[in-house]
Amino acid sequence: MGGVVLLSLMVPAVAADDAAGLKAFRAGDYATAYKEWKPLADKGDANAQCNLGVMFQKGLGVDRDPGQAFQLFQAAADKGNSQAEYQLAQMYAKGWGVPQNYSSALMWTQKSAAAGDPDGENRMGWLYDEGYGVQKDAKQAAYYYRLAAEKGNVDAQFSLGMAYEKGSGVHKDNLEAAKWLKLAAKQGNTKAQAELESLQQKDQMTKK
């Protein structure tokens, strides 16, 4: 899951003061985005803190600094910012800017998903799919994938499509599988496109 594209999901309701920074960020003008968001972050704006965290995490317009990114994510997460909670979980899971801690990673992922963040929901689906930190549960995995997929998360759309194709946690349904794979493919997911073509070929063979 790329950190850069997350910014389009990170601020679903952009405050007026945040809008200029987001516009600059999307245009690749990271210096302007930083100038817009830094004063807001210093005043405690959670969205700005989270967005600056991504910039420091990825080294976009600033020197890459995982420690600074972690502090910004923590500050925003403490205010209930669901995307910051997800990012904080990733930092703990990978040991970026903080000692690796899977229990903390799971806790923040759960908080993010509970708050409705699509990245957090998709991550919970994956954890239930794989059985990492939670009991493996295909139905729970599909549940979380659907929550995220309905909000446009491309990875969740692909995973939900695969769940319907395999009948994993949901009833097997090639039409539903094709529906979600198409949505993922439209967003540029090449695995979804390949799987969709394979599914269509199988469907044609069964009709012969």
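Biologist: How much surface does the protein expose, and what share of it do carbon and sulfur atoms supply?

Modeller: In this predicted model, the protein exposes about 10500 Å², and carbon and sulfur atoms supply 50% of that area. Buried residues make up 46% of the 208 residues.

Biologist: What makes up the secondary structure of the protein?

Modeller: Happily, the list is simple: 12 helices and zero strands. Read from the N terminus, the order of elements is α-α-α-α-α-α-α-α-α-α-α-α. As for contacts between residues at least 6 apart in sequence, 43% join residues at least 24 apart.

Biologist: Let's take a single residue. Why does F25 count as buried?

Modeller: F25 has a relative accessibility of 4%, and buried means under 20%. The value of 4% falls under that cut-off, so F25 counts as buried. F25 is found in helix α2. Its C-alpha lies 10.0 Å from that of E36, a residue 11 places away in sequence.

Biologist: And R146, why is that one called partly exposed?

Modeller: Here the relative accessibility is 25%. Buried would need under 20% and exposed over 50%, and 25% falls in between, so R146 counts as partly exposed. R146 sits in helix α9, which covers residues 138-149.

Biologist: Which residues does R146 touch, not counting those up to four places away in sequence?

Modeller: R146 touches L160, Y164, E176 and W180. In addition, the C-alpha atoms of R146 and S159 are separated by 9.0 Å, with their positions 13 residues apart along the chain taken as the spacing.

Biologist: On to helix pairs. Why are α6 and α7 called roughly antiparallel?

Modeller: Their axes cross at roughly 160° and come within 8 Å. Angles over 145 degrees count as roughly antiparallel; roughly 160° passes that cut-off, and α6 and α7 are therefore roughly antiparallel to each other. The crossing of α6 past α7 is left-handed. On the α6 side the contact is made by S82, E85, Y86, L88, A89, Y92 and A93, and on the α7 side by Y102, S104, A105, W108, T109, K111 and S112.

Biologist: Then why are α3 and α4 called oblique?

Modeller: They pack at an angle of about 135°, with axes 9 Å apart. Roughly antiparallel needs an angle over 145 degrees, and roughly perpendicular runs from 65 to 115. About 135° fits neither range, nor the one under 35 for roughly parallel, so α3 and α4 are oblique to each other. α3 also passes α4 in a left-handed crossing. Y30, A33, Y34, W37, K38, L40 and A41 of α3 meet A48, Q49, N51, L52, M55 and F56 of α4.

Biologist: Which members of the largest nonpolar core touch the most other members?

Modeller: That core has 31 residues, and W37, M55, F73, L88 and Y92 touch the most other members. The elements giving two or more residues to this core are α2 (16-26), α3 (30-42), α4 (46-58), α5 (66-77), α6 (82-94) and α7 (102-114). α4 gives the most, with seven residues. Apart from this core lies another, of 28 residues, including M124, A142, A163 and A178.

Biologist: What is Y92 in contact with, leaving aside its neighbours within four places in sequence?

Modeller: Y92 is in contact with F70, Q74, V98, P99, Q100, N101, S104, A105 and W108.

Methods
Residues numbered from 1 in each chain as written. Predicted model: local features only at pLDDT ≥ 70, side-chain atom pairs only at ≥ 80, totals over all residues. Heavy atoms only, no water. Core = buried A, V, L, I, M, F, W, Y, C linked by side-chain atoms within 4.5 Å. Buried < 20%, exposed > 50% of the residue type's maximum accessible area, 1.4 Å probe, protein only. Helix = DSSP H or I, 4+ residues; strand = E, 2+ residues; numbered from the N terminus. Contact = heavy atoms within 4.5 Å. Areas by Shrake-Rupley, 256 points an atom, 1.4 Å probe, with all protein chains shown as cover. Axes fitted to C-alpha atoms, helices over the stretch in contact; angles between N-to-C directions. Left-handed = near helix turned anticlockwise from the far one by under 90°.
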